[in-house]
Amino acid sequence: MEIIHISAECYPVAKAGGLGDVVGALPKYQCKAGHIAKVVMPMYRTKFLYENEWTVDFKGNANLGSWFFDFTIIKESTNKLGFDLFLVDINGLLDRQRIYGYDDDSERFTAFQIAVASWMSSWEHNPDVVHCHDHHTGLLPFMMQYCYDFKKLSSVPTVFTIHNAQYQGWMGWDKSRYIPRWDLWKRGMLDWADSINPLASAIKCATRVTTVSWSYMEELRFHSNGLEKLFEYERGKCIGILNGIDNEVWNPETDKYLTDHYSVKKVTGGKQKNKESLCQQFSLDPEKPLFVFIGRLVGEKAAEILPDAIKTSLYYTQGAACFLVLGSGDPEVEWRFTEMIEPYKGSFNAVIGYDETLSHRMYAGADFLLMPSRVEPCGLNQMYAMRYGTVPVVRSTGGLQDTVVDMGDPEGFGIRFNHASIHDVEYSIGRGIAVYQDTAHMEKMRKWMMQIDHSWESTVDQYTQVYESIQ
Ligand code: ADP
């Protein structure tokens with residue numbers, strides 16, 4: 001099958017979170033399974049762009065309202081990612097340093113989708129499936145069906161994957177002029193609560209909707225930032241498919257970011273070496289259990305409860321554990337972590353920012369990974385942690401609930417709690433400190449979780465079934 005993935009992120013080209021990881025891996029494994037999977041994304045000014053060779057595939061032009069723009073589609077020449085990668089260059093709009101966070105993001109991603117639809121309409125053939133990811137590509141299923149200029153694409157089945165339903169891309173109806181001539185009777189397919197809502201539109205218009213875990217699919221019917229009724233109504237076309245992880249990138253035996261590699265057999269010694277180098281760099285005690293947090297410092301991740309949970313835990317255990325945080329996001333939370341570095345020196349450290357290398361070293365060197373998330377559609381961090389023999393300490397929600405078994409249960413290897421509260425986190429840290437003393441138990445859990453299969457192969461099969469069901 002020919003599958004065209006449309007996304008705002010794709011690792012290693014541009015990544016802000018899990019979406020990038022998934023779109024960097026799924027097409028690669030689909031190609032390995034014999035499909036022709038391609039990725040189309042905006043051309044940002046990234047390191048990847050300057051370090052690789054490109055050929056021009058298509059030049060076109062289109063309108064965003066009254067603004068006439070030229071666009072160019074370039075293709076990575078060597079197929080080094082294992083799939084064809086196409087970047088859409090729209091001068092002045094997409095070619096920026098960051099992926100998101102600009103005032104004109106609505107204009108940027110709408111123009112991107114118009115360019116993609118114009119380009120695909122110019123092909124002699126139609127692809128078997130267009131697979132869109134998150135709200136930045138949520139208007140495409142509508143455009144393909146109801147814009148007169150893209151009529152050729154109206155019979156192409158679309159799959160829309162929700163990686164995060166909190167962000168929906170709302171825009172006022174005044175921006176409806178951006179969408180190329182469309183069937184005005186279909187206004188309802190764009191609208192939710194008197195705004196144009198790209199996420200809601202994709203749920204209405206896509207042939208199938210998937211979310212990145214089963215539990216998240218269920219949760220969305222009760223908590224989805226205003227779309228609960230829509231999820232209830234569209235249940236029939238929604239399906240949960242758990243993400244995989246890229247075992248070629250995330251492998252402690254070969255990880256290019258690690259100096260001390262280790263296998264399942266050598267996990268205890270291997271992790272200790274990684275921990276020592278981390279602890280030396282961040283002035284922490286390698287004899288104590290090391291808890292880390294890696295992620296966006298936002299409400300969804302319940303990052304704001306961590307400073308107090310860590311302080312309380314250090315107080316009640318008289319400094320029995322060490323903590324290292326890597327993340328960026330809410331300036332208030334960044335400031336609270338930064339403020340703790342000096343007074344808690346030796347027990348706590350934090351790096352505010354995004355650092356891929358350090359994240360790999362932390363998964364390898366830590367004993368425990370903290371994830372108190374309020375919302376976690378799938379969560380990749382806990383799966384990376386398991387692959388590196390690091391015990392996940394997670395709130396029971398979404399994909400965390402689907403992938404982590406509490407150590408109190410048979411064949412358990414993690415620590416689960418119910419509330420994103422200081423008390424629950426502090427109590428769970430206490431359970432971690434206690435089990436850390438039992439080295440045989442720790443080793444058994446590490447070995448067990450490292451062997452759990454979260455590879456993409458089985459996930460690819462599930463997506464193939466979805467595609468086949470809509471041909
Ligand atoms: P989300 O997409 O909601 O941010 P996921 O768990 O799905 O969460 O994916 C997070 C991904 O982003 C993981 O690969 C994680 O290692 C990475 N990540 C998040 N924050 C950082 C950071 N500050 N530095 C390096 N990697 C990060």
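Trainee: What makes up the area buried between domain 1 and domain 2?

Mentor: In this predicted model, about 1,400 Å² is buried between domain 1 and domain 2, and carbon and sulfur atoms give 53% of that area. Of the part that domain 1 buries against domain 2, Lys15, Ser215 and Glu219 supply 25%, which is more than any other three residues.

Trainee: How many residues of domain 1 and of domain 2 are in contact?

Mentor: Contact here means heavy atoms within 4.5 Å, and by that criterion 18 residues of domain 1 touch 16 residues of domain 2. The domain assignment gives 2-244 + 456-469 as domain 1 and 267-450 as domain 2, and their centres, taken over C-alpha atoms, are 33 Å apart.

Trainee: Why is the ligand said to lie between the two domains?

Mentor: Both domain 1 and domain 2 give residues to the shell around the ligand, so the ligand lies between them. Helix 1 (18-32), strand 12 (290-297), strand 13 (322-329), helix 11 (356-365) and helix 12 (381-387) each supply at least two residues of that shell, and strand 12 has the largest share, with 3 residues.

Trainee: Which residues come nearest to the ligand, and how is the shell divided by class?

Mentor: The shell has 19 residues, of which Gly18, Asp21, Lys301, Gly353 and Tyr363 come nearest. By class, 6 are nonpolar, 8 are polar and 5 are charged.

Trainee: What makes the pairing of Asp21 with the ligand a polar contact?

Mentor: The cut-off for a pair of N or O atoms is 3.5 Å, and a polar side-chain atom of Asp21 lies 2.7 Å from an oxygen atom of the ligand, so the pair qualifies as a polar contact. By that reasoning Arg296 qualifies too, with a polar side-chain atom 2.8 Å from a ligand oxygen, as does Asn381, where an N or O atom of the side chain is 2.9 Å from an oxygen atom of the ligand. Taken alone the ligand exposes 560 Å², and the protein buries 93% of that.

Trainee: What is the peptide bond from Tyr11 to Pro12, cis or trans, and what is notable about the phi of Asn225?

Mentor: Most residues other than glycine have a negative phi, and most peptide bonds are trans. The bond from Tyr11 to Pro12, with omega near 5 degrees, is cis, and Pro12 sits in the loop between strand 1 (2-6) and helix 1. Asn225, a residue other than glycine, has a positive phi near 55 degrees, and its place is in the loop between helix 6 (214-220) and helix 7 (228-233).

How values were computed: Residues are numbered from 1 along each chain as its sequence is written. This is a predicted model: local features need pLDDT of at least 70, side-chain atom pairs count only at pLDDT 80 or more; totals for chains, interfaces and linings use all residues. Side-chain values use heavy atoms; hydrogens and water are left out. A residue is near a molecule or strand if one of its heavy atoms lies within 4 Å of it. A polar contact is a pair of N or O atoms within 3.5 Å; within protein, one must be able to donate a hydrogen and the other to accept it, and residues adjacent in sequence count only if both atoms are side-chain atoms. Accessible areas come from the Shrake-Rupley method with a 1.4 Å probe; for residues, only the protein chains shown count as cover. Helices (H or I, at least four residues) and strands (E, at least two) are DSSP runs, numbered from the N terminus. Ala, Val, Leu, Ile, Met, Phe, Trp, Tyr, Cys and Pro count as nonpolar, Asp, Glu, Lys and Arg as charged, and the others, Gly among them, as polar. Domain bounds come from an automatic or database domain assignment. Buried area is the accessible area (1.4 Å probe) that two parts lose on being put together, summed over both.
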